[in-house]
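Grab a pencil and work through these short exercises. Try each task yourself before you read its solution.

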Amino acid sequence: MKKIISIAFLFLGFSSLFAMDLKREINLKGVWRFEIGNNLSYKEPGSDDSKWEKINVPDRWENEGFPGYDGYAWYRIKFNAPSSLKTKKLYLQLGRIDAVDRVYLNGKLVGGKGKFPPKYDPAGEERRCYLLSPELLNFGAENVLAVDRKSTRLNSSHIPLSRMPSSA
């Protein structure tokens, strides 16, 4: 059975992965840090997010105190990866993100879709799934997941919970 880190971030749904037998290993539904802006240093694990807003994931940022906002924003969460996952093939599954995203784990790029300005090219409402290289994770210790987003239209910032089999 293949294992997965379900980062409880967006609707699960990559069609090729639906056919696989996936198991949720880590669920990050809950309170994340949120910051409006376009600062690439936010991807770094040591970046101070203590003064950032707190936002519930899954939910739209419009419902979390940012109605009408259209632009750049970052989401961050810290989590521990159990040492028992070291030998597993792990995926980060994000669901539909309607514009542009870049996803970082401990400061390293994991994946992303679309192009940020100045050559802006949104990816559309595509589902995301990224294979996680084991050397990116701090097993038995803290990890920082940072997601850089660019939204271009109202109500496009949804971050609903990914759906996984309940056998986890």
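A residue counts as buried when its relative accessible area is under 20%. Keep in mind that this model is predicted.

**Exercise 1.** Work out how the chain is built up: how many helices and strands are there in the chain?

Solution. Start by counting: you should get one helix and 10 strands. Next, read the order from the N terminus, which goes β-α-β-β-β-β-β-β-β-β-β. Finally, look at burial: of the 168 residues, 50% count as buried.

**Exercise 2.** Take Phe-34 and Phe-66: is their aromatic pair stacked, edge-to-face or tilted?

Solution. First, check the distance: the ring centres are 4.7 Å apart, and rings pair if their centres lie within 6.5 Å. Then check the angle, which is 55° between the planes, so the pair is tilted. Now find the two residues: Phe-34 sits in strand 3, whereas Phe-66 sits in the loop between strand 4 and strand 5, so the pair ties together parts 32 residues apart in sequence. Last step, burial: Phe-34 has a relative accessible area of 0% and is buried, while Phe-66, at 14%, counts as buried too.

**Exercise 3.** Now do Trp-74 and Tyr-104: are they buried or exposed?

Solution. Begin with the rings, which form a stacked pair, 5.9 Å centre to centre with 25° between the planes. Trp-74 belongs to strand 5 and Tyr-104 to strand 7, so this pair links parts 30 residues apart in sequence. As for burial, Trp-74 and Tyr-104 are both buried.

Definitions and conventions: Residues are numbered from 1 along each chain as its sequence is written. This is a predicted model: local features need pLDDT of at least 70, side-chain atom pairs count only at pLDDT 80 or more; totals for chains, interfaces and linings use all residues. Side-chain values use heavy atoms; hydrogens and water are left out. Helices (H or I, at least four residues) and strands (E, at least two) are DSSP runs, numbered from the N terminus. Buried means under 20% relative accessible area, exposed over 50%, partly exposed in between (1.4 Å probe, protein chains only). Rings of Phe, Tyr and Trp (its six-membered ring) pair if their centres lie within 6.5 Å; planes under 30 degrees apart count as stacked, over 60 as edge-to-face and the rest as tilted.
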